[in-house]
Structure formats: C-alpha cells, structure tokens
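Biologist: Please take a close look at the charged side chains in this model and at the partners they meet. I should like the account to begin with the chain as a whole and then to move to individual residues.

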Amino acid sequence: MIVLVGILVVVAGFATRRNPLLVVGAAGILTGLLGGMSPLKVLEAFGTGFASSRSVTLFAITLPVIGLLERHGLQEQARTLMNKLAKASAGRVLAVYLVVRQLTAAFGLTGLGGPAQAVRPMVAPMAEAAAERRHGTLTDKARERLRSFAASADNVGLFFGEDCFLAVGSILLITGFVDATYHTDLEPVQLALWAIPTAVCATLIHGARLLRLDRTLARDLPAGPSATTATAPAATTATTAPAATTAPATTADRTEETTK
C-alpha cells in the first residue's frame, strides 16, 4: 500500500498548481523506489515508456510552424476575417468550432485541431475579435473567459467525438480489457454506436453554454463603438435643435423694439 503514496504526490502537486511534468515525474520515481526498484530500473522504465509512446511528442514538431505563422500575422488575419462577418459573435464562432471539432474527431481526424494548433493561433483570436466588434475593448476577465471557453470547445469536441471512431485508442483499450477480464466478445462498433448519443448530448449542452456566452458578455460589458457612433448624430441634433428654433424669435424681438 505504501506505493500508493505516488498518487498523493500527484494530487498535492496539482492542488498546489505545480509543473505537471515535474509532478508526474516525481510521483513515478517515488512509486518505483517505494516498490523496490533500483534507480537504474526506474530510469529504464521511463526510457521504455517514452520509446513505446514517442508519437505523443509529435506535437512539438508543430510548435515552430505555429510560431512562424503567428510571427507573420496569423492571429491578425483571423481578427480581420471576424471584422468582415457582421453576424458572427463569440458564442457562435465557438459553437461552430465545437461542431466541426467533434465531427472531425468522429471520423478519426483528431489532429486537425488542438490547443496549440488551432485554439491559440486562430479560434481564440477570432472569438476575441467578434466580441470586440460588439463590445469594444475587452477587460482582462472577459478575455480570459473567452479563451477558456475556446479551450473547452476543443476539449469537449475531441473527448466525446473520438469515441465514435472505431479505431481510437480508448475504444480498443476498453474492448481489450473487457474481453480479457470477462471473457466476452465485445466489438468496437458496439461501443462506437453507444457513444453517439453521448456525443450528441455533449454538443447540445455545451453548445447552449457557448451561445449563452454572448448574453453574459452583453451583461458584463458596455456597448461597442458601433452603438456609440449610431447615437452620436441623434444627440447632436437634439442639442442643436433648440438653438435653431430660438434664433428667429430673438431677431423678431429686436426688430419690434427698434420699431417702437
């Protein structure tokens, strides 16, 4: 039971918001040492695990590409696109991305999106630009809220969409575990079909939350520059109108006094 101390290390590290890589690494080393493994055996286990799942680190290859695209104005182009779409709002943009992300994940295309590939360089700037066009300059709290909702749209779409694909790792893991443990013949297509209602419910529930984001922003933020410019001519007319009507009356009074 003492080897379970590693779980406490993970919980404590995440609760105190430490570096996740350091927390998981420290928990793994501690668990191995408490389990009677030598330091060389622990190091060997880390190396074997990395070699068997090195495809997980492929995202690091895309980071320099994303950096070059952002350096040459990728986020600015995303904001410019949103300024051309008059009916686009932050909630609608994120809801569309949620549906697209879930549909592509359901067909096994899980690499088309992601926090580093899509959310940070494109989706979040597009949502911020749509909100700024309606409400003007955003506060830091509103900006962080938009970014968190953009990340949640990606996570929910991927998590519930990938289970609808037959050859995804989670489906194969479940079928292999059930077949080996309970000696049954569970087909991946059965799990994928039962995952579709869950995915539909997740889209409806989180899509409603994303659309409700527009009303939240409208309540917390003032009107944007377009509303201000629309009311400015009316205010100017209202202030100049009395002067225009009182000027003839003043001239008539002076003429009458001169005649007398």
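Modeller: A contact here means heavy atoms within 4.5 Å. Among contacts between residues at least 6 apart in sequence, 70% join residues at least 24 apart. The model is a predicted one, and its fold consists of 11 helices and zero strands. Of the 260 residues in the chain, 27% are buried. The accessible surface comes to about 17,100 Å², and carbon and sulfur atoms account for 69% of that surface.

Confidence should be considered before any side chain is discussed. The mean pLDDT of the chain is 80, with 81% of the residues reaching 70 or more. The highest mean, 94, belongs to helix H6 (residues 90–106), and the lowest, 44, to helix H11 (residues 225–259). Over residues 226–252 pLDDT stays under 50, and the model has one contact beyond four places in sequence for this stretch. Where pLDDT is low, the predicted coordinates should not be read in detail.

The charged residue to examine at the outset is aspartate 214, which is found in helix H10 (residues 188–220). Aspartate 214 is buried yet has no salt bridge. The nearest side chain of opposite charge is that of arginine 92, at 5.0 Å. Because a salt bridge needs a side-chain nitrogen of Lys or Arg within 4 Å of a carboxyl oxygen of Asp or Glu, the pair at 5.0 Å does not count as one. The side chain of aspartate 214 does, however, make a polar contact of 2.7 Å with that of serine 89. Leaving aside residues up to four places away in sequence, aspartate 214 touches Ser89, Ala90, Gly91 and Arg92.

Salt bridges do occur elsewhere, and the structure holds nine of them. One of these joins glutamate 132 to arginine 143, with the closest N and O atoms 3.2 Å apart. Glutamate 132 lies in helix H7 (residues 115–135) and arginine 143 in helix H8 (residues 140–161), so this pair ties together parts that are 11 residues apart in sequence. The two partners fall into separate burial classes: arginine 143 is buried, at a relative accessible area of 17%, whereas glutamate 132 is partly exposed, at 25%.

A salt bridge within a helix is made by glutamate 144 and arginine 147, at 3.6 Å from N to O. Both residues lie in helix H8, three residues apart, or about one turn of the helix. Each is partly exposed, with a relative accessible area of 48% for glutamate 144 and 37% for arginine 147.

Arginine 219 and aspartate 220 also meet through their side chains in a salt bridge, at 3.7 Å from N to O. Here arginine 219 is exposed, with a relative accessible area of 60%, and aspartate 220 is partly exposed, at 49%. Elsewhere, shared partners link salt bridges into one network that comprises Arg79, Glu128, Glu132, Arg143, Glu144 and Arg147.

In summary, aspartate 214 is buried without a salt bridge but has a polar contact with serine 89, while glutamate 132 and arginine 143 are paired in a salt bridge.

Methods: Residues numbered from 1 in each chain as written. Heavy atoms only, no water. Helix = DSSP H or I, 4+ residues; strand = E, 2+ residues; numbered from the N terminus. Buried < 20%, exposed > 50% of the residue type's maximum accessible area, 1.4 Å probe, protein only. Lys, Arg positive; Asp, Glu negative; His and termini not counted. Polar contact = N/O pair within 3.5 Å; in protein donor to acceptor, adjacent residues only side chain to side chain. Areas by Shrake-Rupley, 256 points an atom, 1.4 Å probe, with all protein chains shown as cover. pLDDT = per-residue confidence, 0-100.
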